[in-house]
Amino acid sequence: MRKFDTKVQYLKYKVLREVARAAFNDKLLETVNDIPKKIVSGKEPTMRCCVYKERAILSERVKLAMGGDSSNPNVIEVIDIACDECPMGGYEVTNACRGCIAHRCEEVCRKGAITFDRNQKAHIDKTKCVECGMCAKVCPYSAIANYKRPCENACKVGAISMNDDKSAKISNDKCIACGACVYQCPFGAIMDKSYILNVIDMIKKSENNTKFRLYAVVAPSISSQFTYAKLGQVITGIKKLGFFSVVEAALGADMVADSEARELEEKGFLTSSCCPAFVDYIHKKFPDMVKHISHNLSPMATIAKYIKETTPDAKIVFIGPCTAKKMEFKKPEVHPWIDSVLTFEELQALFDSRDIDITTLEEDVLDNASYFGRIFARSGGLTDAVKQAMKEHGSDFEVKPVSCDGIEQCKFALLKASKNVLGANFIEGMACVNGCIGGAGCLTHGDKNKAEVDKYGKEAMEKTIKDAISQLK
Amino acid sequence: MELEVCVGSSCHLKGSQDVIAELQKILKKYELEDVVTLKASFCLGRCAQGVTVRSDDKLITGFTPENAEDKFLTEIYPFVTF
């Protein structure tokens with residue numbers, strides 16, 4: 001069974017695993033310089049021009065695995081020497097153009113950007129082209145190619161540009177840390193900083209949960225991950241790493257759905273506050289809309305707050321699919337509750353650094369939340385939950401939701417809402433396409449993931465939000 | 001005095017929610033609602049021994065809605081300070 005989608009993820013994983021292994025053995029300082037050679041051990045290059053460049057890039061990856069550049073507040077960083085400086089010409093006509101006489105490309109271009117030379121071959125006038133891509137779609141020879149960089153293409157908030165040396169550059173004032181570029185860069189030149197050392201340090205300092213208790217709060221999207229093992233085995237694995245207990249972030253989602261429904265009824269218009277990248281996007285692009293963001297903490301922070309309020313000696317690590325959570329937990333209103341954040345990729349690396357083969361473990365249980373809390377992991381889930389909460393409250397307020405699947409849809413909805421033409425009273429914003437299951441920190445991304453989340457949701461003992469949160473009062 | 005009922009995954013599946021509901025009734029019945037506060041806790045570390053309740057520093061395991069009143073009267077009530 002595949003563990004990762006791409007070899008870039010696998011490479012990143014190997015670095016994380018080696019760094020974690022050394023850290024667990026208290027040998028990181030002595031051996032950190034050997035890690036690149038350990039991963040690229042031969043003399044023949046397999047990724048770049050030579051093994052020396054491969055190792056140089058690996059040492060940059062090691063740095064990111066160890067927390068990255070502390071002077072850069074963003075958790076997403078470009079490894080400039082790893083950037084292949086892809087061409088970035090946008091739409092161009094390739095030599096597959098046969099100079100046909102139909103000229104579909106010309107017909108479809110609304111900007112009149114297509115001209116023809118003496119051989120009837122098409123040319124694109126860059127001063128007119130708006131990169132809509134219609135010409136590429138209609139060409140019967142697929143002769144028009146998009147040379148837009150994958151990172152830029154992935155970044156729907158326009159935060160990626162080019163340095164003078166042609167390497168990619170991230171504008172921190174636009175970046176929402178969604179991680180789309182991290183997952184999409186075919187050379188792995190953009191990476192998220194890792195806090196695994198931070199977590200390993202906590203595991204050690206808790207001395208088997210005697211000094212303080214270390215809790216893992218796991219995102220519901222975990223149900224679509226680690227598919228080569230059973231979810232119960234993943235829970236046992238997390239405990240084997242040194243966590244005292246594992247709690248579902250979905251219970252926080254139940255709590256959020258309950259209070260968000262009340263807030264919506266009171267205010268009449270609301271945008272969700274669960275997705276940190278979406279919230280950040282509103283702050284950066286639609287400052288006038290900030291007042292409409294729900295005042296609820298995210299499910300992660302809500303459940304963590306609850307745990308810390310009942311268990312004063314708790315320390316809490318969130319484990320999820322999300323790179324933006326690594327930004328969220330540093331916010332002053334969240335930081336008291338969450339001590340660190342890991343992605344599923346990093347969790348896999350931690351398992352293997354301790355040689356924990358989760359497929360051989362017994363199954364533990366994970367059950368705190370309701371169906372509705374669990375389906376937050378996919379687009380549309382939050383909306384369903386808020387509607388359900390409204391129903392459970394016996395309210396007759398009509399929720400007119402719009403579920404935005406991916407940051408592009410969020411942009412359209414926010415734009416309409418800011419002009420008062422949205423025709424809805426609740427915006428569910430998810431920066432990743434498909435919701436959290438499309439997160440950059442997921443091990444695998446696939447069509448089945450939504451079904452997995454729904455299946456896991458149905459397995460919940462509690463069928464209603466009210467039941468799930470009643471025990472907490 | 002504080003009573004902490006475990007709502008970790010294991011106890012939750014064993015019905016800690018019903019135990020909480022039962023304890024609420026018991027506290028009402030003996031008019032202890034002002035002296036004993038009921039709280040939830042995520043895992044008290046006795047996952048294999050049934051629903052667990054912490055009363056001060058003592059962990060009492062194996063709670064069910066049926067035996068909750070017995071257990072409360074014998075193992076918790078004597079230690080309640082008014």
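This passage describes a predicted model with chains A and B, going from the domains of chain A to the fold of chain B, their contacts, and two backbone details.

Chain A is divided into four parts by the domain assignment: domain 1 covers residues 1–66, domain 2 is built from 71–85 together with 150–193, domain 3 spans 91–146, and domain 4 takes in 206–470. Domain 2 is thus written as two segments, and the stretch assigned to domain 3 falls between them in the numbering. Taken over C-alpha atoms, the centres of domain 3 and domain 4 of chain A are separated by 44 Å.

Turning to chain B, the secondary structure consists of three helices and four strands. Followed along the sequence, these elements appear in the pattern β-α-α-β-β-β-α. The radius of gyration of chain B is 11 Å, which agrees with a compact globule, because a globule with 82 residues would be expected near 12 Å. Along the principal axes, the C-alpha atoms of chain B fill a box of roughly 30 × 25 × 20 Å. Of the 82 residues in chain B, 37% are buried. Contacts across the sequence were also counted for chain B: among those between residues at least 6 apart, 62% join residues at least 24 apart.

The two chains meet through 15 residues of chain A and 14 residues of chain B. On the side of chain A that touches chain B, the elements giving two or more residues are strand S10 (245–248) and helix H13 (299–310). By residue class, that side of chain A comprises eight nonpolar, six polar and one charged residue.

Finally, two residues of chain A deserve a look for their backbone angles. Most residues other than glycine have a negative phi. A:Glu131, however, is not a glycine and has a positive phi of about 60°. This glutamate lies in the loop between strand S4 (122–124) and helix H6 (134–138) of chain A. A:Glu131 counts as partly exposed because 14 C-beta neighbours lie inside 10 Å, a number between the limits of 12 for exposed and 20 for buried.

A:Asp355 likewise has a positive phi, near 50°, and is a residue other than glycine. A:Asp355 is found in the loop between helix H15 (344–353) and helix H16 (371–374) of chain A. With 7 other C-beta atoms within 10 Å, A:Asp355 is exposed, because residues with 12 or fewer are placed in that class.

Note on methods: Residues numbered from 1 in each chain as written. Chains lettered and ligands numbered in written order. Predicted model: local features only at pLDDT ≥ 70, side-chain atom pairs only at ≥ 80, totals over all residues. Domains from an automatic or database assignment. Rg over C-alpha atoms; globule rule 2.2 N^0.38 Å. Contact = placed C-beta atoms within 7 Å. Nonpolar A, V, L, I, M, F, W, Y, C, P; charged D, E, K, R; others polar.
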